[in-house]
Structure formats: structure tokens, C-alpha cells
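Work through the exercises below with the sequence and the 3D view open. Try each task before you read its solution.

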Amino acid sequence: VGFQTEGDVQNFIRYVVSEHPGSNIGVFQATNRQVVLNQNDRQIRVGAFPVGVDTVEFEKRARLAARSSFVKKAVESLDGRTLMIGVDRLDYSKGLTQRMEAVDLFFSNRPDWRGKVIYLQIAPKSRSEIQEYQELGQALGAVAGRINGKFGEVAWTPIRYVNRAYSRTELAGLYRSARVGLITPLRDGMNLVAKEYVAAQDAGDPGVLILSRFAGAAAECRDALLVNPFDPESVASAIARALEMPLAERRDRHNHILATLSLNNSDVWGTWFLRSLQKLELVRSEAEFWVLENS
């Protein structure tokens with residue numbers, strides 16, 4: 001059985017043991033990522049397999065997309081202002097209303113940033129046939145409109161709220177152009193947008209990832225600014241910190257996250273899982289992957 005994070009593995013094991021009291025279930029640590037549950041000679045292997053992205057391919061995609069007419073027009077429309085971006089399905093789990101509250105607090109607490117930052121929230125509609133999701137979309141649009149009315153000026157609106165989907169290439173170019181990636185789900189098994197945002201950055205002048213500590217990706221993105229999405233004040237403070245972060249610190253944080261993501265890219269991730277199914281030693285790093293491939 002494969003899960004996204006080691007925390008999920010531990011939760012599953014606790015559940016199995018607690019729901020079968022007196023069943024004499026043995027728990028053995030097989031590797032640093034796999035645990036074996038043993039009962040009456042029946043073994044169930046449980047492991048963490050955090051899904052990866054192709055960091056090299058995505059950086060190349062983002063670099064080329066940044067030169068496209070689509071991204072150039074988007075950047076030109078900013079008129080020199082800093083871009084902050086969030087990309088999520090329109091879903092309750094993504095914490096979008098709480099995020100908007102944090103953006104409201106940021107502009108309230110830091111009037112010196114008004115007129116200098118634009119937050120682009122892309123939220124394609126999800127399950128639009130369900131009334132509750134229709135109401136969520138309406139509520140979120142109302143919040144964005146209220147914030148724009150509260151802080152907006154003739155030549156500047158703080159939030160651009162878009163309810164349509166864009167291609168992976170178009171999003172890659174937008175990620176690369178954004179100084180801040182604001183990704184704050186209330187709960188998420190992984191969240192590949194966070195990983196793609198990091199991969200898309202220009203290593204010489206990277207943006208800063210603000211990430212919910214309740215997203216599975218937080219385990220690999222420890223050098224992001226990790227926040228509690230239920231605490232708008234802390235998210236607002238993280239936005240200010242990200243915008244004012246010195247270049248040296250931005251590079252350092254980006255390098256550390258990218259190194260981790262590169263060791264668990266999509267190819268390595270697939271190899272981990274397939275070799276585990278074949279009962280071979282779990283590959284734990286890209287270096288080990290190449291050793292096994294060439295052996």
C-alpha cells in the first residue's frame with residue numbers, strides 16, 4: 001500500500017493497530033520509507049511514495065513559456081508591479097476564502113505595498129453542478145470584489161480573480177514570472193502546484209514559495225515559508241516577508257528545495273514504486289537509482 005507522505009503511513013498503521021486490538025499485529029521498519037505489518041504469516045508492506053515532477057523539463061518549459069506572447073502580455077499588464085500567484089481548483093479544501101482574508105490583512109497591515117503588488121488567483125471551476133460549489137465560487141468572487149473595492153485605485157486593483165483553466169505551459173510561464181507563490185490549502189495529500197512553482201523559477205532570481213504546512217508537499221519543501229492556513233495573520237506576515245526577502249536568501253531557499261525535488265523527480269518516483277512492487281530494495285535517491293539501473 002503506497003501513501004503520499006510518511007505521516008500518512010504512520011496514521012494508517014495507527015488505525016490498523018487500534019482497530020484490531022489483540023490481533024498480535026507486528027510492525028517492522030523495513031527501510032527508511034517502508035514498514036511491514038505482519039499477522040499470522042501474512043505481510044502487508046506500507047510505504048511513502050511522494051509523487052515527483054520532472055524538474056528539468058518543467059524549468060525548460062517555464063523558461064520558454066516566459067517568452068510567449070501570452071506571458072509577455074500578462075507581465076506587461078502589471079505595469080512594473082510585483083506578481084503573486086495562486087493556482088487551485090475551486091474547492092473547499094484549498095482554503096481560498098481564508099487566503100483572501102490573509103491578502104486583505106496584508107494590505108491592511110502594510111499600506112506601503114498597496115499599488116505595488118497584484119495577486120493573481122486562478123481557480124478553475126470544480127464540480128460546478130453541485131450547489132455548494134456554485135455558492136463557494138460566488139462567495140469567493142464576492143470576497144475578491146470587496147477587497148478590490150476596499151483597496152483598489154483607478155490604475156490598480158490588488159486581486160485578479162480568474163475562473164478558467166490554463167494550459168500547463170501557460171501556467172509554467174506565469175509561475176516563473178511570479179515573485180511569490182501563495183499555496184495554502186487547508187489539507188492536501190501532496191499539491192504538485194507547489195513543486196511546479198519551485199521548478200519553474202529562474203535559479204538566479206527565484207521567487208518565494210509560501211506553502212501550507214498541511215500540504216503533503218511541505219515535507220519536501222521545508223525551505224518554503226510554511227504557514228498555518230487557518231491563521232490569516234501568519235499568512236499575511238509571510239507574504240510581507242516573501243516580498244522583502246533578500247536575493248541571497250531566496251536563492252538559498254530555492255536551491256535547497258529544488259535539490260530535494262530533483263532527487264525525487266517523476267522518473268525516480270515511478271522507479272521507487274515499481275521496484276517496491278517487485279519486492280526489490282526501495283530506491284532512496286537519484287544516485288541509487290542510477291546505480292541500480294546500471295547494475
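**Exercise 1. Place Thr271 in the fold and say whether its position is buried or exposed.**

Step 1. Thr271 sits in helix 10, residues 266-277. Helices (H or I, at least four residues) and strands (E, at least two) are DSSP runs, numbered from the N terminus.

Step 2. A note on the model before we go on. It is predicted: local features need pLDDT of at least 70, side-chain atom pairs count only at pLDDT 80 or more, and totals for chains, interfaces and linings use all residues. Residues are numbered from 1 along each chain as its sequence is written, and side-chain values use heavy atoms, with hydrogens and water left out.

Step 3. The relative accessible area of Thr271 is 12%, so Thr271 is buried. Buried means under 20% relative accessible area, exposed over 50%, and partly exposed in between (1.4 Å probe, protein chains only).

Step 4. Now follow the side chain. That of Thr271 reaches the backbone oxygen of Asp267 at 3.0 Å.

**Exercise 2. Check the length of helix 9, then find which of its residues are buried.**

Step 1. Helix 9 covers residues 247-263, which is 17 residues. The expected span is 1.5 Å times one less than the number of residues. That gives 24 Å for helix 9, and its end C-alpha atoms are 24 Å apart, so the two agree.

Step 2. The buried residues of helix 9 are Arg250, Arg253, His254, Ile257 and Leu261.

Step 3. Look down the axis of helix 9: its buried residues fall within an arc of 95 degrees, so they line one face. The arc is that of the directions from the helix axis to the C-beta atoms.

Step 4. What covers these buried residues includes helix 2 (55-65), helix 7 (192-200) and helix 8 (232-244). Strand 9 (208-212) and strand 10 (225-227) are also among the cover.

**Exercise 3. Describe the surroundings of Gly173.**

Step 1. Gly173 belongs to helix 6, residues 168-177.

Step 2. Its relative accessible area is 0%, so Gly173 is buried.

Step 3. Leave out residues up to four places away in sequence: Gly173 then touches Ala62, Ala65, Ala66 and Val71. Contact means heavy atoms within 4.5 Å.

**Exercise 4. How many helices and strands does the chain have, and what share of its residues is buried?**

Step 1. Count the elements: there are 11 helices and 10 strands.

Step 2. Of the 295 residues, 45% count as buried.

How values were computed
A polar contact is a pair of N or O atoms within 3.5 Å; within protein, one must be able to donate a hydrogen and the other to accept it, and residues adjacent in sequence count only if both atoms are side-chain atoms.
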